[in-house]
Amino acid sequence: MKRTISIKLNGAARSADIDPSDILLDVLREKLGVKSPKIGCERGDCGVCTVIFNGRTVRSCLVLAAEADGGEIVTIEGLGAKGPTPLQQSFIKNNAFQCGFCAPGMVLAATELLEKNPKPDEHEIKEAISGNLCRCTGYEPIVKAIREVADSSPLSHRERAGVRAKSGKGKRR
Ligand code: FES
Ligand code: FES
């Protein structure tokens, strides 16, 4: 039986009529006109369908559209709505796109990483994008693009914690 879901999609209130078995990826692409989440393996392996759902990246091929009801979704269209983010600019500068099929998922995965850990090391970057496959094997420029943004970031969470510990601030009471 069809039902209507309401979501906040890239900052705008949207709704769609869905079947209980509809997956979020298909609803985004076919009913809501958002094409950046791509159709790849459709079983959670490749990451090209990645979106940010309630603040965390998810593979939209593994999420039922019904589960998204009342939630907030950000895709690459929303991320760059006010102009390319520093990370997107770095991807462009470093030619981190070949066919570009993996790019939306890569950028969203890296965005989540840099929000959690603004200054990741190379291992942490590779770990963060390990679930996003690039069929063009463009990993070197992708990692470099993320690394450049990380390198230009101010102190990492860890370093901030260290500064607070040394200055005696931030102690739990
Ligand atoms: S299409 Fe969703 S992970 Fe591959
Ligand atoms: S640039 Fe083609 S799949 Fe990554």
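Which residue in E5 does Lys-8 stand opposite? Keep that question in mind while you read; point 3 has the answer.

1. **How far to trust the model.** Please remember that you are looking at a predicted model. The protein has a mean pLDDT of 90, and 89% of its residues reach 70 or more. One stretch deserves your caution: over residues 160-173 the pLDDT stays under 50. For that stretch the model has five contacts beyond four places in sequence.

2. **The hairpin at the start.** Begin with strand E1, residues 3-9, and strand E2, residues 12-18, which pair in the antiparallel sense over seven bridges. Two residues lie between the strands of this hairpin, and Asn-10 takes a positive phi near 50° there. To see the pairing for yourself, find Ser-6, which stands opposite Ser-15 in E2. Then find Ile-7, which has Arg-14 of E2 opposite. As you look at these positions, bear in mind that side chains in a regular strand alternate between the two faces of the sheet.

3. **The other partner of E1.** E1 is also joined to strand E5, residues 72-74, by two bridges, and here the strands run parallel. Now for the opening question: Lys-8 stands opposite Glu-72 in E5.

4. **The whole sheet.** Put the pieces together and you get an open sheet of five strands in the order E2-E1-E5-E3-E4, with mixed pairing. Why is one side of E2 and of E4 left without a neighbour in the sheet? Both E2 and E4 (56-59) stand at the edges and have a single partner strand each, so one side of each has no neighbour there. From one strand to the next, the twist averages 40°.

5. **A helix over the sheet.** Helix H4, residues 103-116, lies across strand E3 (50-53) and E4. Its direction is at about 40° to E3.

6. **H3 against H4.** The axes of H3 and H4 come within 10 Å and cross at roughly 130°. The two helices are therefore oblique to each other, and their crossing is right-handed. On the H3 side the contact is made by Leu-87, Gln-88 and Phe-91, and on the H4 side by Ala-103, Val-107, Ala-110, Thr-111 and Leu-114. By class, these residues divide into six nonpolar, two polar and no charged.

7. **H3 against H6.** Helix H3, residues 86-93, also packs with helix H6, residues 139-151, at an angle of about 135° and with the axes 8 Å apart. That angle makes H3 oblique to H6, and H3 passes H6 in a right-handed crossing. Pro-86, Leu-87, Ser-90 and Phe-91 of H3 make the contact with Ala-145, Ile-146, Glu-148 and Val-149 of H6. This contact has six nonpolar residues, one polar and one charged.

8. **One thing to try.** Select Leu-87 and Phe-91 in your viewer: they belong to the contact of H3 with H4, and they also belong to the contact of H3 with H6.

Notes: Residues are numbered from 1 along each chain as its sequence is written. Chains are lettered from A and ligands numbered from 1 in the order in which they are written. This is a predicted model: local features need pLDDT of at least 70, side-chain atom pairs count only at pLDDT 80 or more; totals for chains, interfaces and linings use all residues. pLDDT is the predictor's confidence in each residue, from 0 to 100. Two residues are in contact if their C-beta atoms, placed from the backbone, lie within 7 Å. Axes are lines fitted to C-alpha atoms, for helices over the stretch in contact, and angles run from 0 to 180 degrees between N-to-C directions. Helices (H or I, at least four residues) and strands (E, at least two) are DSSP runs, numbered from the N terminus. Angles under 35 degrees count as roughly parallel, over 145 as roughly antiparallel, 65 to 115 as roughly perpendicular and the rest as oblique. A crossing is left-handed if the near helix is turned anticlockwise from the far one by less than a right angle, and right-handed if clockwise. Ala, Val, Leu, Ile, Met, Phe, Trp, Tyr, Cys and Pro count as nonpolar, Asp, Glu, Lys and Arg as charged, and the others, Gly among them, as polar. Two strands pair if DSSP finds at least two bridges between them.
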